[in-house]
Amino acid sequence: MKSFMHKYVFSTDHKMIGLQFLFTAFLFMLFGGLLAMAIRWQLAWPGTKLPVLGVIMPETYNVIFTMHGTFMIFFVVIAIMVGAFANFTVPLLIGAHDMAFPKINMASYWLFFISCVIMLASFFAPGGAAATGWTAYAPVSVKAPMGQSLWLISLIVLGVSSILGSLNYLTTIVNLRAPGMHFFRMPMTVWAIFITAILVLLATPVLTAALAMLLLDRVLDTTFFLAGTGQPVLWQHVFWFYSHPAVYIMILPAMGIASDVLSVFSRKPLFGYHAMVYALSAIAGLGFIVWAHHMFATGLNPTLGTTFMVATMFIAVPTGVKIFNWLGTLWGGSIHFSSAMLNAIAFVSMFVIGGLSGVFLAAASLDIYLHDTYFVVAHIHYVLFGGSLFGIFAGIYYWYPKMFGRMMNEKLGKIHFWLTFVFYNLTFFPMHIIGIHGMPRRFYDYKQYEFLRGLEPLQLLISISAFALFICQLPFVYNFFVNLFVGKKAPNNPWQANTLEWTIPSPAPHLNYAKVPIVYRWPYEYSLPHAKEDWLAQDQP
Amino acid sequence: MSHAATASDVKGLSHPLGVNNAKLCMWLFLCSEVMFFAGLIGSYIVLRLGSLTWPTPGEILNIPLTGVNTFILICSSVTMVKAFAWAHMGNQTKIKRHLFLTFLFGVIFLSIQAIEYYKLYHHHGLHPSGNLYGTCFYILTGFHGCHVLGGVIAVFVLWIRSLLGHFTKGRHAPVELVGLYWHFVDLVWIILFTIVYLI
Ligand code: HEM
Ligand SMILES: [Cu+2]
């Protein structure tokens, strides 16, 4: 019993902590997914009775979309990117025994857990959970019922957890690399997490300050964000000062994962490795000066708006560099369409669509019209589902053998991928169209509006595809959980990849490396002209 | 691509910045603290610029009293530096003395701040609620006060440990780490004193 607690619950092993984040996030993915189903039910057949829940009331509807966004952003995507993947991969990929501070790492998970509990508890608060959107705009959020306070407290705790995590990742990456693992020999995944950790470190405290001010407005009656004495729009500034970098926190690790997966399964070096690193850094840096593109409709001074617009469009440059590098990696490669690879390719292609709709929205004059319509909803789902989530799937299919010592079923993986890919597009692509037609986000019953009634067929298509998309995750769930017990035993290096984690047994043992590895080369030595094999691991002289 | 092995590869790479884990972590933590206060101070500037009325310096706040308090906090930074310097040289009595002085100055600072709050609240009717000036004043100085409190507790622990003889010439990393934090808190105060009291 004692050893069970030590190994699985109060573990200080980075791999176990990573898995704790992963499994907790899976649970929230299920909750968040169910909430999405409720949203789609309401939009398909407004005001009709739903199995179990009954008729969704307008107040409940607000809670549902608020919690859907909150769960998916903070407790699923961020938790998996900077909780699960960063924890699992960083020490393994740089050849370290563990994180620099294993106890702080454990604290980071348990704070995350507490924050989850508070967030779930808020459903039982008088007046229900928060209902002001994941963006909690003031002054509505100042006067909202008690659930909002729990929402704020939960996110403050979550922020502390993230900051502790990023302290660990940064210290570990700077100080604990194996001999020979120069910065410019680190796999892209590590680079991406390194830069993401910097974003977490510098952006999250600003959110903490904002959340604290809002909480004080609510409990101490201070007037930071109150109309009249304070400034409601200030909330948007501080919130987006965090949340724009936060969207990169959610996508950069996926970019790193996709880079590595694309290279391994094209059997080709990553195209433009250095350019990739600089592009990542540029995106992260620019991310701090574009926040007001979320605020074009607030009556921003037009000169200021134009500045933010131009800064935002600049981001398309490093983003373009990355996309061409991925295409360059694929170009002429001997491509293996494994489940991981399919998801990585989907990441690239769907992220292009999301990035392009982002550039549309960045045009201030166009955004005045598109702001708060379903076009924005389409954008965020192309980058977050199409980008981050496909990236997450790619990472899971790729590292599952190292996590659990067993293989996932490739056939099921492909079935899952294709079904997800098709229904994902059927769900989210039409949202662009209804958005351009003027369908607002967060409306309880669009049928109340004459000019929106014509959207019914598309709404039905979206909802039915969304239900299908939900169901199509079953093969994944089956594949993931059943193969924990019955999957084929994984060899050390099932993908013939070069990075260090594949040189040790699967699952990776406690403390990872029996002997500190020595690194002789970068991780992308594939298809070398004169070598026997088409790959050469990083620890080979 | 010139990614082949070279002789320098097999050399250890640990601590490329010449900073050990704990110190690096503390520096990074202070970076995040900078951003926390940047969020608060930035909001303060925006709110103040957007406000139609604002009391002139000294109209409500007691600048001389807080000036003295600022001086005390600066003194505490000096004693902290000395504590570290003596720890470096392994002089037990002087480490103890300077840690205690730092602790004492910290406590005095907090006491004066408490008195200031009490007077403002009860005699001048300045409340955190209902008016923007009070909101900004109490919350900015209050968050700083919480940081000082954390520092005072840390210095107190250091002092107890110094009484137990935990710090020797070779082993006194905690003194340095807490010292870094303490100077940071001091620096934040100098900024806050300037923008909240003086300007
Ligand atoms: C090429 C890069 C991108 C550009 C130019 C861009 C631009 C924009 C703009 C202008 C908006 C505001 C739309 C409005 O509310 O009217 C927006 C919203 C949003 N973007 Fe992006 N974006 C980009 C990439 C991303 C990425 C990579 C993510 C996340 C992974 C992301 C997540 C979001 C989210 C979540 C919102 C909606 C926030 C809300 O709820 O109001 N974006 N984007
Ligand atoms: Cu943004």
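Student: Is A:Arg267 buried or exposed?

Tutor: This is a predicted model, and in it A:Arg267 counts as buried, at 5% relative accessibility.

Student: Why does 5% count as buried?

Tutor: Buried means under 20% relative accessible area, so A:Arg267, at 5%, falls in that class.

Student: Which residue does A:Arg267 form a salt bridge with?

Tutor: The partner of A:Arg267 is A:Asp534, and the closest N and O atoms of the two are 2.9 Å apart. The pair links distant parts of the chain, since A:Arg267 and A:Asp534 stand 267 residues apart. A:Arg267 lies in the loop between H8 and helix H9 (273-286) of chain A, whereas A:Asp534 belongs to the segment after helix H17 (474-486) of chain A.

Student: And A:Asp534, what does it count as?

Tutor: A:Asp534 counts as partly exposed, with 27% relative accessibility. The bridge thus joins a buried arginine to a partly exposed aspartate.

Student: How many salt bridges are there over all chains?

Tutor: By the rule applied here, the count over all chains comes to seven. Another one of them is formed by A:Asp13 and A:Lys15, whose closest N and O atoms are 3.3 Å apart. Here A:Asp13 is buried, with a relative accessible area of 10%, and A:Lys15 is buried as well, at 6%.

Student: What about A:Lys447, which residue does it pair with?

Tutor: A:Lys447 forms a salt bridge with A:Glu456, and 3.2 Å separates the closest N and O atoms. A:Lys447 is partly exposed, with a relative accessible area of 26%, and A:Glu456 counts as partly exposed at 30%.

Student: Changing topic to the metals. Which residues are the protein donors of the copper ion (ligand 2)?

Tutor: The copper ion (ligand 2) has as protein donors A:His244 through ND1, A:His293 through NE2 and A:His294 through NE2. These atoms lie 1.9 to 2.0 Å from the ion. Along the chain, the donors follow the spacing H-x48-H-H.

Student: What do A:His293 and A:His294 count as, buried or partly exposed?

Tutor: A:His293 counts as buried, at 13% relative accessibility, while A:His294 counts as partly exposed, at 22%. The cut-off for buried is under 20%, and therefore these two neighbours fall on opposite sides of it.

Student: Which protein donor does the iron atom of ligand 1 have?

Tutor: The iron atom of ligand 1 has a single donor from the protein, the NE2 atom of A:His379, which is 2.1 Å away. A:His379 has its place in helix H14 (residues 374-404) of chain A.

Student: How many Å apart are the iron atom of ligand 1 and the copper ion (ligand 2)?

Tutor: The distance between the iron atom of ligand 1 and the copper ion (ligand 2) is 4.6 Å.

Student: Back to helix H8. Where is A:Ser263, and what does it touch?

Tutor: A:Ser263 is found in helix H8 (residues 232-266) of chain A. Not counting residues up to four places away in sequence, A:Ser263 touches A:Lys268, A:Pro269, A:Leu270, A:Thr329, A:Tyr524 and A:Tyr526. A:Ser263 is buried, with a relative accessible area of 0%.

Student: And where is A:Pro102?

Tutor: A:Pro102 is found in helix H4 (residues 102-121) of chain A, and it is partly exposed, with a relative accessible area of 26%. Leaving aside neighbours within four places in sequence, A:Pro102 is in contact with A:Thr12 and A:Ile17. The C-alpha atoms of A:Pro102 and A:His14 are separated by 7.0 Å, although these residues are 88 residues apart along the chain.

Student: Now the two chains. How many residues are in contact between chain B and chain A?

Tutor: In this contact, 40 residues of chain B meet 43 residues of chain A. The area buried between the chains is about 3400 Å², and carbon and sulfur atoms give 73% of it.

Student: How many salt bridges and polar contacts are there between chain B and chain A?

Tutor: The rule finds zero salt bridges across that interface, but five residue pairs are in polar contact, both residues at pLDDT 80 or more.

Student: Which elements of chain B give two or more residues to the side that touches chain A?

Tutor: They are helix H1 (21-50) and helix H4 (132-163) of chain B. H1(B) gives the most, with 16 residues. The residues on that side of chain B divide into 24 nonpolar, 14 polar and two charged.

Methods. Residues numbered from 1 in each chain as written. Chains lettered and ligands numbered in written order. Predicted model: local features only at pLDDT ≥ 70, side-chain atom pairs only at ≥ 80, totals over all residues. Heavy atoms only, no water. Donors = N, O, S within 2.8 Å, 3.2 Å for Na, K, Ca; no water. Buried < 20%, exposed > 50% of the residue type's maximum accessible area, 1.4 Å probe, protein only. Helix = DSSP H or I, 4+ residues; strand = E, 2+ residues; numbered from the N terminus. Contact = heavy atoms within 4.5 Å. Buried area = accessible area lost by both parts, 1.4 Å probe. Salt bridge = Lys/Arg side-chain N within 4 Å of Asp/Glu carboxyl O. Polar contact = N/O pair within 3.5 Å; in protein donor to acceptor, adjacent residues only side chain to side chain. Nonpolar A, V, L, I, M, F, W, Y, C, P; charged D, E, K, R; others polar.
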